Number of protein chains: 2
Amino acid sequence: MRKNYIHPVEITLDVVCGKWKGVILWHLQQENILRFGELKKLLPGVSQKTLTLQLRELEEDGLVKRKVYPQVPPKVEYSLTHYGQELEATLNQMCEWGKRHKDKVGQNNQPVSQENS
Amino acid sequence: MRKNYIHPVEITLDVVCGKWKGVILWHLQQENILRFGELKKLLPGVSQKTLTLQLRELEEDGLVKRKVYPQVPPKVEYSLTHYGQELEATLNQMCEWGKRHKDKVGQNNQPVSQENS
DNA sequence: TTGCATAGTTACCTTTTTTATACTAAGGAG
DNA sequence: CTCCTTAGTATAAAAAAGGTAACTATGCAA
C-alpha cells in the first residue's frame with residue numbers, strides 16, 4: 001500500500017498521475033493492443049527508461065497487462081486489463097474537459113516583460 | 001501553455017495532478033466555499049507551505065478563486081471558478097473508479113472515507 | 001565476423017515536488 | 001505590554017520523478 005488515502009479520488013489520481021500515463025492509457029484504450037515500440041513512437045520525447053517505468057507501474061496497479069513472446073528480437077504486447085478498461089469514462093471526461101480548456105490553461109503566467117533593463 | 005501536450009487528457013491531468021489537488025477540488029465542490037484553515041483541517045498532513053502552493057497553482061490554472069478580506073487576523077475564502085465547476089463530472093468519475101478499486105490498489109488499505117458524489 | 005532487430009537494464013545526474021521549522025503582520029483581549 | 005488569532009513567507013532539506021547515455025541478450029542475414 002502506497003498511501004493512506006483521504007478520499008477515493010486520490011486512488012484514481014495516484015494510478016493515473018505520471019507524466020505519460022494518461023496518454024498511454026488513452027492509446028491503449030483506442031488500439032486495444034500495442035507493442036512497446038509502437039507506444040514509444042506514439043509518445044514523442046519519452047525515454048526508454050521512463051516508458052518502461054510508467055508501464056511497470058501501470059502493470060503493478062493492475063491497469064495494464066504485459067504479454068511477453070519468447071522470441072528474439074523480443075516482442076511484448078501491452079493492453080488494458082478489465083480494471084484499466086473501467087477507466088474509460090474517466091478518461092473520456094478528462095479528454096472532454098481538456099479540449100474545452102486547452103486555450104485557458106496557463107495563460108496568466110507569461111514572462112513577457114523584457115522591455116527595459 | 002506550460003507544455004506541448006500531445007493529447008487533451010494531459011491538460012486535465014496537468015492541472016489536477018498535485019498531491020493534494022484532487023481532495024482540495026473535491027471538498028470545494030462539496031462545500032462551495034472554504035477558508036484556508038478549514039481546508040487545512042480537511043487535509044491531515046499537509047504543510048502550510050504546500051497547501052498554499054497547491055492553492056496558488058489551482059488559482060493560476062483558473063480552477064479556484066481566492067477572495068481576501070482585508071482584516072486582521074486575515075480571512076481568505078476559496079471557491080471553484082466556473083472552470084473548476086466543470087470538472088465535476090470528471091471528479092465524480094474518478095471518485096467512482098476509486099471506490100470500486102480501493103481494494104485492488106494496495107491490499108492493506110485503511111478504509112477510505114465514504115463521502116458521496 | 002559484423003551488424004541489425006526489440007525491449008529492455010544500469011549508472012549517474014538534474015529538476016521538480018513536498019516537507020519541516022521558524023518567522024511575520026496587525027488588531028483585540030487580558 | 002504581552003499573547004492570541006489567521007494566512008501566509010523564508011529557508012533549508014529531503015524525496016520523488018524524469019532524463020541521458022551506454023550496455024545487454026539472442027537469433028538471423030550478409
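Buried area is the accessible area (1.4 Å probe) that two parts lose on being put together, summed over both. The legends below describe a predicted model, in which local features need pLDDT of at least 70 and side-chain atom pairs count only at pLDDT 80 or more, while totals for chains, interfaces and linings use all residues. Residues are numbered from 1 along each chain as its sequence is written, chains are lettered from A and ligands numbered from 1 in the order in which they are written, and side-chain values use heavy atoms, with hydrogens and water left out.

**View 1. The interface between chain A and chain B.** The two chains bury about 4,400 Å² between them, and 72% of this area lies on carbon and sulfur atoms. In contact (heavy atoms within 4.5 Å) are 47 residues of chain A and 52 residues of chain B.

**View 2. Salt bridges and the chain A side of the interface.** Two salt bridges link chain A and chain B; the term denotes a side-chain nitrogen of Lys or Arg within 4 Å of a carboxyl oxygen of Asp or Glu. The side chains of A:R100 and B:E86 form a salt bridge, with 3.0 Å from N to O. On the side of chain A that touches chain B, α1 (8-16), α2 (21-31) and α6 (88-101) each supply at least two residues. Helices (H or I, at least four residues) and strands (E, at least two) are DSSP runs, numbered from the N terminus. The most residues on this side, eleven, come from α6(A).

**View 3. Helix α2 of chain B.** Nine of the eleven residues of this helix (residues 21-31) are buried, that is, under 20% relative accessible area (1.4 Å probe, protein chains only). Among them are B:V23, B:I24, B:L25 and B:W26. After α2(B) comes B:N32, whose phi is positive, near 75 degrees.

**View 4. The protein around DNA strand C.** Of the 20 residues around the strand, A:Q48, A:R66, A:P74, A:Y78 and B:V72 come nearest. Sugar and phosphate make up 62% of the strand C atoms that come within 4 Å of the protein.

**View 5. Approaches to the phosphates of DNA strand C.** A polar side-chain atom of A:R56 lies 3.1 Å from a phosphate oxygen of the strand. For B:K19, an N or O atom in the side chain is 2.7 Å from a phosphate oxygen. The backbone also takes part in this view: an N or O atom of the A:V76 backbone lies 3.5 Å from a phosphate oxygen.

Key:
Buried < 20%, exposed > 50% of the residue type's maximum accessible area, 1.4 Å probe, protein only. Near = heavy atom within 4 Å. Polar contact = N/O pair within 3.5 Å; in protein donor to acceptor, adjacent residues only side chain to side chain.
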